[in-house]
Amino acid sequence: MASALPTTPWGWALRALRRSVQFRGRANRAEYWWFTAFSMVPGVVVSVLEGAGVEPQLLLNQVDTAISALLLLPSFSAGVRRLHDVDRSGWWIGATLPLLLVWLLAIGFTDGGSGLQMLILWGGLLGLLAYFVMALVWFTRPGTPGPNRFGENPLGLASDAERLAQDFA
């Protein structure tokens, strides 16, 4: 690898932020999850301040919205690279959009009665839940060892077969 890997949680989060417009390549679990954790900090701080009654709450909400908007692209790119690390297409990030749209439309048009509307509502909700479970499994499992179709292992580790070949060479 061209540069040394980060050794601190903050270093991993900054690595993801520096690669915020890079949708190619791979991101290991540390890079993705530390970036995700640090990305949540502003929202938690705003929630605590609002709960403590700090005024003006409108300004706090605007700051939180601005930070969230600034972190949107880096979050997408880190997610795409994380999926690449487990040899999945980054397009899976957008797989929820059709489900979410159908579900939100069903909520908007549900007047508490029609069987078809309730079926769409609950079906969409179950679809979203299934997707999130599947995504959680992908985002938490180790990356594929060695290179895959999206690039080299971000940790610089070779596959088991390559390591064994080097040990016995």
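Me: Why is the pair of Arg82 and Asp85 called a salt bridge?

Reply: A salt bridge needs a side-chain nitrogen of Lys or Arg within 4 Å of a carboxyl oxygen of Asp or Glu. The side chains of Arg82 and Asp85 meet at 2.6 Å, N to O, so the pair meets the rule. This is a predicted model, in which local features need pLDDT of at least 70 and side-chain atom pairs count only at pLDDT 80 or more, while totals for chains, interfaces and linings use all residues. Residues are numbered from 1 along each chain as its sequence is written, and side-chain values use heavy atoms, with hydrogens and water left out.

Me: What separates Arg82 and Asp85 along the chain?

Reply: About one helical turn, because they stand three residues apart in helix α3. Helices here are DSSP runs (H or I, at least four residues; strands are E, at least two), numbered from the N terminus. The chain has six helices and zero strands.

Me: How do you know whether Arg82 and Asp85 are buried or exposed?

Reply: Buried means under 20% relative accessible area, exposed over 50%, and partly exposed in between (1.4 Å probe, protein chains only). Arg82 has 0% and Asp85 has 2%, so both count as buried.

Me: Which terms fit Arg149 and Asp87, whose side chains also meet in a salt bridge?

Reply: Arg149 has 60% relative accessibility and is therefore exposed. Asp87, with 27%, is partly exposed. Their N to O distance is 3.0 Å. Arg149 lies in the loop between α5 and α6 (160–167) and Asp87 in the loop between α3 and α4, so the pair ties together parts 62 residues apart in sequence.

Me: What makes Arg15 and Glu31 a salt bridge?

Reply: Their closest N and O atoms are 3.0 Å apart, and the rule is met. Arg15 belongs to helix α1 and Glu31 to helix α2, 16 residues apart, and the pair links distant parts of the chain. Arg15, at 12% relative accessible area, is buried, and Glu31, at 0%, is buried as well.

Me: What else is Arg15 in contact with, leaving aside its neighbours within four places in sequence?

Reply: Besides Glu31, the contacts of Arg15 are Leu5, Pro6 and Pro154. Contact means heavy atoms within 4.5 Å.

Me: How many salt bridges does the rule give?

Reply: The count comes to six.

Me: How much of the chain is buried?

Reply: Of its 169 residues, 28% are buried.
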